Amino acid sequence: MKNTYSATTQAIDPLFHQASPRKTGVLLVNLGTPDAPTAPALRRYLAEFLADPRVIEIPKIVWMLILHGIILRVRPKKSAAKYASIWTPEGSPLLAISKNQTTAIQTQLGESARVKLGMRYGNPSITKALREFQQEGVRKIIVLPLYPQYAAATTGSTFDAVTRELQKWRFVPELHFINNYCDNNLFIDALANSIQEDFDQNGKPEKLLLSYHGMPKRNLDLGDPYYCLCQKTTRLVAEKLGLHRDEYLTTFQSRFGYAEWLQPYTDATLEELAKSGIKNVAIISPAFSADCLETLEELAVENREIFMHAGGEKYRYIAALNDRTDHINALTNIIRQYVA
């Protein structure tokens with residue numbers, strides 16, 4: 001008698017034959033970037049980003065009227081000019097750096113896993129990366145959002161996007177979702193190393209500001225742990241560097257709209273420091289795994305102007321960890337805990 005069961009299963013499921021290797025995929029996720037520093041590209045990007053209910057938590061009907069009636073008519077042109085000021089021959093700094101990180105982590109992991117990059121908004125998309133894993137027969141996926149401190153608007157939104165795609169799959173692979181690494185020892189070491197290198201080269205400033213991306217204070221009141229995780233990262237870095245409490249500050253940048261956001265605000269703090277007689281500051285943003293508009297333009301340019309205009313004399317931005325070897329080692333170490 002013909003073995004119809006064997007023939008059928010082999011035809012349907014060659015990727016899951018008992019003798020086939022169990023393939024692992026690693027999905028690195030960052031926020032995203034427009035495809036070009038132009039108003040039309042910014043309009044597409046902002047329409048996707050600002051329509052995310054994790055990002056803007058007000059009634060959808062009201063927000064859509066504001067978004068499409070006002071913001072997307074005004075903001076794209078202004079944002080495009082800022083992006084143009086940091087654009088590189090390789091494109092967006094965030095995308096170029098993220099690609100370098102992906103390649104470096106792939107090199108360290110070798111054949112143990114396949115590493116892909118997905119952006120929460122824009123290209124390359126999370127959906128594209130996941131479907132490539134599906135076509136390759138990946139049976140285990142490790143998702144690492146490159147946000148050291150969990151926030152619903154970033155890490156939570158990444159989880160939404162990943163699971164929304166996986167809901168469409170017949171076979172759902174084993175999933176490991178890493179929701180933060182704010183206190184990982186190697187990550188803290190990398191931050192401390194980058195700051196100490198700056199101090200060794202340029203001298204110790206009067207104040208070190210650790211500036212994190214802001215969020216509405218309402219999020220904290222509703223139970224989002226982001227504020228607490230930022231404070232934890234700051235404390236661990238300061239301890240590693242041996243800083244006294246009066247030598248550093250935790251601040252929050254990039255606020256949007258008129259609601260109260262997490263305080264103290266970075267720009268207002270810089271102005272106050274300069275007016276109080278502090279002449280020499282250094283600033284770093286441990287919330288960003290790669291340099292982007294919020295660091296290269298907002299921190300390095302806009303906030304420098306605020307500090308200097310208020311009476312400051314020396315201001316320097318310490319770059320994000322990007323594809324530094326110690327940063328890549330930290331990220332790879334985090335991933336390896338789930339690969340085996």
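These are my notebook entries on a predicted model of one chain.

**Entry 1. Whole chain**

I started with the overall dimensions. The chain has 340 residues and a radius of gyration of 22 Å; a compact globule with that number of residues would have one near 20 Å, so the value agrees. I then looked up the box that the C-alpha atoms fill along the principal axes, and it is roughly 90 × 50 × 40 Å. For secondary structure I noted twelve helices and eight strands.

Next I checked burial and surface. Of the 340 residues, 50% count as buried. The accessible surface comes to about 16700 Å², and carbon and sulfur atoms hold 53% of that. I also looked at contacts with a sequence separation of 6 or more: 78% of them are between residues 24 or more positions apart.

**Entry 2. Sheet E2-E1-E3-E4**

I took this sheet in strand order. It is open, it has four strands in the order E2-E1-E3-E4, and the pairing is parallel. At the edges I found strand E2 (114-122) and strand E4 (174-177), each of which pairs on one side only. On average, neighbouring strands here are turned by 25° against each other, direction ignored.

I then followed one pair in detail. Strand E1 (residues 24-33) runs parallel to E2 and is joined to E2 by eight bridges. Which residue in E2 is the bridge partner of glycine 32? I found tyrosine 121 there. Helix H4 (residues 93-109) lies across E1 and E2, and I noted an angle of about 160° between H4 and E2.

**Entry 3. Sheet E6-E5-E7-E8**

I turned to the open sheet with the order E6-E5-E7-E8, which has four strands and parallel pairing. Its edge strands are E6 (248-253) and E8 (314-317), and each pairs on one side only. From one strand to the next, the twist averages 25°.

The pair I examined was E7 (residues 280-284) with E8, which are parallel and share four bridges. Within E8, lysine 314 stands opposite asparagine 280. I then looked for helices on this sheet. Helix H10 (residues 266-275) packs on it, touching E5 (207-213), E6, E7 and E8, and the direction of H10 makes about 135° with that of E6. Helix H11 (residues 293-309) also packs on the sheet with contacts to E5, E6, E7 and E8; the direction of H11 is at about 170° to that of E8.

**Entry 4. Nonpolar cores**

In soluble globular proteins, nonpolar side chains tend to be buried together. I therefore looked up the cores in this chain. The largest nonpolar core has 52 residues, and those touching the most other members are Leu28, Leu144, Leu208, Tyr226 and Ile335. Helix H7 (residues 185-202) gives the most to this core, with seven residues.

I listed the contacts of leucine 208, leaving out residues up to four places away in sequence: Ile195, Phe199, Leu243, Glu247, Tyr248, Leu249, Ala282, Ile284 and Ile318. Another core lies apart from the largest one; it has 18 residues, among them Leu31, Ile56, Ile86 and Tyr147.

**Entry 5. Single residues**

I looked up phenylalanine 187, which lies in helix H7. Buried or exposed? Phenylalanine 187 counts as buried because its relative accessibility is 2%, and the cut-off for buried is under 20%. Beyond four places in sequence, phenylalanine 187 touches Pro148, Gln149, Tyr181, Cys182, Thr233, Pro286, Leu321 and Ala330. I also took its C-alpha distance to tyrosine 121: the two are 66 residues apart in sequence and 25 Å apart in space.

Leucine 229 came next, in helix H9 (residues 226-241). Its relative accessibility is 16%, so I entered leucine 229 as buried. Leaving aside neighbours within four places in sequence, I found leucine 229 in contact with Gln149, Tyr150, Asn180 and Cys182. Leucine 229 and tyrosine 181 are 48 residues apart in sequence and 9.4 Å apart in space, C-alpha to C-alpha.

My last residue was arginine 218, in helix H8 (residues 217-221). With a relative accessible area of 45%, arginine 218 is partly exposed. From arginine 218 to phenylalanine 171 I noted 47 residues in sequence and 38 Å in space, C-alpha to C-alpha.

Definitions and conventions:
Residues numbered from 1 in each chain as written. Predicted model: local features only at pLDDT ≥ 70, side-chain atom pairs only at ≥ 80, totals over all residues. Heavy atoms only, no water. Pairing = 2+ DSSP bridges. Helix = DSSP H or I, 4+ residues; strand = E, 2+ residues; numbered from the N terminus. Axes fitted to C-alpha atoms, helices over the stretch in contact; angles between N-to-C directions. Contact = heavy atoms within 4.5 Å. Core = buried A, V, L, I, M, F, W, Y, C linked by side-chain atoms within 4.5 Å. Buried < 20%, exposed > 50% of the residue type's maximum accessible area, 1.4 Å probe, protein only. Rg over C-alpha atoms; globule rule 2.2 N^0.38 Å. Areas by Shrake-Rupley, 256 points an atom, 1.4 Å probe, with all protein chains shown as cover.
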